[in-house]
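Reader: I should be grateful for a close look at one part of this structure, set in the context of the whole chain.

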Amino acid sequence: MPHPGRRQARARCAAGLVVVLVLAACGAGELTVASRTATPGTAAPDPDPTTGATASPGPTIEPSATPVVAETDRAARVQAAYRADDLLWELDGGPDPVEVGSGIGVGQVTWVGVDRTMLISGSDELRLWRPDTGEIARVDCDSCYEVVVARDDVYAIDRSGVLKVYDVADLRERRVIEHALPETDADSLTGPSPLAQRNGLLYVVLANGPSAYGGPQQIWTVDTTTGASRFVLETGANIGIHLHAVSPGGRLLALGGLGARSGYCSHWESVALLDLDTGELRDMAFMEGDPTVFEGELRVHDLFWSGATLFAAAWRLDRDCETEIGPSLYRYDAERDVWDMVDFGPFERVRPIGDDAGHKIVVVAGKLYYEQGGVSTSIVAGDLWIVGSTPTTFETDLRLPAELGEPWPQIWVEPWGDLAGAHLGDEAEVALGTLIGAFGPPEDDTGWVIGCPLDGAEENERSVRWGSLRVDFVRTEEGESLFAWTYGIDPTTMAARPGGPSFAEVHLPGGVAFGDALAAIGRRLRLPAAPSPIFDGGWVVAPGFELFSASSIDGPLEVAAVPFAPACE
């Protein structure tokens with residue numbers, strides 16, 4: 001990433017693969033939830049809720065310490081809020097923070113209304129901060145860390161399990177629904193928490209029995225008109241839900257946590273999608289087939305939607321629980337059913353911001369940065385936590401450079417040459433992070449597979465590809481490292497494969513070009529062109545690189561490799 005501090009942190013922490021989920025929608029609509037589901041539980045009898053409005057003295061209104069002037073185009077930008085030590089700050093589309101007030105106990109910030117008023121929920125109260133007047137509206141609400149906003153209503157559940165509905169404009173209490181949820185034997189510190197509202201039903205998570213790690217939990221719905229409740233499902237995981245995010249269309253609820261812990265070096269969290277229309281829960285398993293999946297630790301740090309794409313960041317310990325990895329970002333491509341790394345990190349949290357794709361804020365090792373393209377600005381250092389951001393209609397700049405209209409990095413075929421800042425022999429995940437930073441998410445990643453049979457039945461090779469560019473990694477007793485890289489054209493079209501750098505970005509030695517006759521290349525470089533003793537075809541070999549033709553020594557140049565094309569893969 002652009003900021004040197006992030007590069008240094010990456011080099012220190014990047015010792016292996018970190019999972020971050022990004023689930024992308026196909027087309028303009030919301031994601032289609034696949035068939036891998038957990039069947040919702042049977043409906044429980046509806047309790048007899050007591051409903052009705054309780055007299056309220058109304059919220060207190062007091063002037064803000066930092067009044068600001070209203071901006072008519074505020075709704076056209078993306079806002080974010082963060083806690084820094086004991087204060088709460090807002091960023092309105094750029095790197096200049098505005099102090100909002102106390103950040104102690106703040107759990108969530110939601111922006112409401114056309115003027116993007118901040119609704120702040122936390123340990124003991126709800127607050128409204130109006131950017132036009134700087135006034136603050138407050139109302140007491142015990143342990144209301146999370147709220148749900150639907151149209152003109154704010155739904156909050158206090159520590160005792162009472163559901164309260166407030167007017168979004170001024171936090172005046174509209175009604176109170178007591179006994180809306182069943183009592184449990186749980187020893188949860190915060191009580192039930194609202195997750196989302198859909199079709200007049202409020203989705204609520206509550207603990208189901210004592211647990212050291214928050215689970216198992218149940219999800220119920222509460223009819224916001226009658227107060228009738230209904231059981232939806234039980235998670236069955238002893239790690240509870242600690243992150244959630246609703247899709248822009250309101251149908252899909254992403255849940256972070258939902259994992260299993262059995263002791264030291266055995267803590268694995270996940271992300272699931274709940275379809276609020278069908279009740280189907282899909283477990284979005286991380287990197288199935290990876291031999292390290294059920295070893296080590298993985299903790300989900302962040303979960304948010306940007307446009308129709310869901311992002312989740314995770315931190316890991318390796319299988320020996322000795323090396324800290326990440327967190328990093330991955331994107332799930334639903335059509336290809338693969339995970340794409342989109343930012344190697346490391347960082348704790350990230351949010352899109354600004355008025356266009358390509359702007360974001362990231363928290364890295366106790367520092368907050370604003371990033372736009374290749375420029376990174378340090379905002380503040382301290383005890384930091386991003387507590388919310390406004391939904392975006394666009395996705396952040398996590399696409400391939402070519403999709404953004406940016407030029408591909410230049411590739412120089414030289415003896416033992418580097419590739420876009422990655423060096424032969426670099427630790428595999430460090431090199432991969434460097435390459436993804438240069439070329440974007442790879443088009444294909446084999447993961448660790450059994451390579452050459454002559455080496456035994458070990459998963460010791462991995463290939464990652466961007467169009468015609470392929471990068472090979474090897475696993476030995478000394479570790480995992482960058483072994484070789486090749487650029488090979490499509491022999492059927494004699495053109496570069498799509499999805500990666502074109503011929504224009506590849507510089508071959510001596511000014512030769514792909515398609516030139518191999519024998520002529522040999523004469524020009526004063527190197528012998530000979531039949532390959534390993535492959536069909538011919539090659540020109542020099543220490544540290546190889547030029548190859550699949551047909552013969554008189555055939556066209558099709559592959560350039562540094563230091564050489566692996567003989568067995």
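Which residues are buried in α2?

Author: This is a predicted model, in which local features need pLDDT of at least 70 and side-chain atom pairs count only at pLDDT 80 or more, while totals for chains, interfaces and linings use all residues. Residues are numbered from 1 along each chain as its sequence is written, and side-chain values use heavy atoms, with hydrogens and water left out.

In α2, the buried residues (under 20% relative accessible area, 1.4 Å probe, protein chains only) are Ala 428, Glu 429, Val 430, Ala 431, Leu 432, Gly 433, Leu 435, Ile 436, Ala 438 and Phe 439. Because ten of its twelve residues are buried, α2 is largely enclosed by the rest of the structure. Helices are DSSP runs of H or I with at least four residues, and strands are runs of E with at least two, numbered from the N terminus. Helix α2 covers residues 428–439 and reaches 16 Å from its first C-alpha to its last, close to the 16 Å expected (1.5 Å times one less than its number of residues). Gly 440, with a positive phi near 85 degrees, follows α2.

The largest nonpolar core (buried Ala, Val, Leu, Ile, Met, Phe, Trp, Tyr and Cys residues joined through side-chain atoms within 4.5 Å) has 36 residues, and Phe 439, Trp 466, Phe 473 and Leu 547 have the most contacts inside it. Elements that each supply at least two residues of this core include α2, β36 (469–476) and α3 (518–525). With seven residues, α2 gives the most to this core.

As for the whole chain, there are three helices and 42 strands, and buried residues make up 53% of its 569 residues.

Conventions: Buried < 20%, exposed > 50% of the residue type's maximum accessible area, 1.4 Å probe, protein only.
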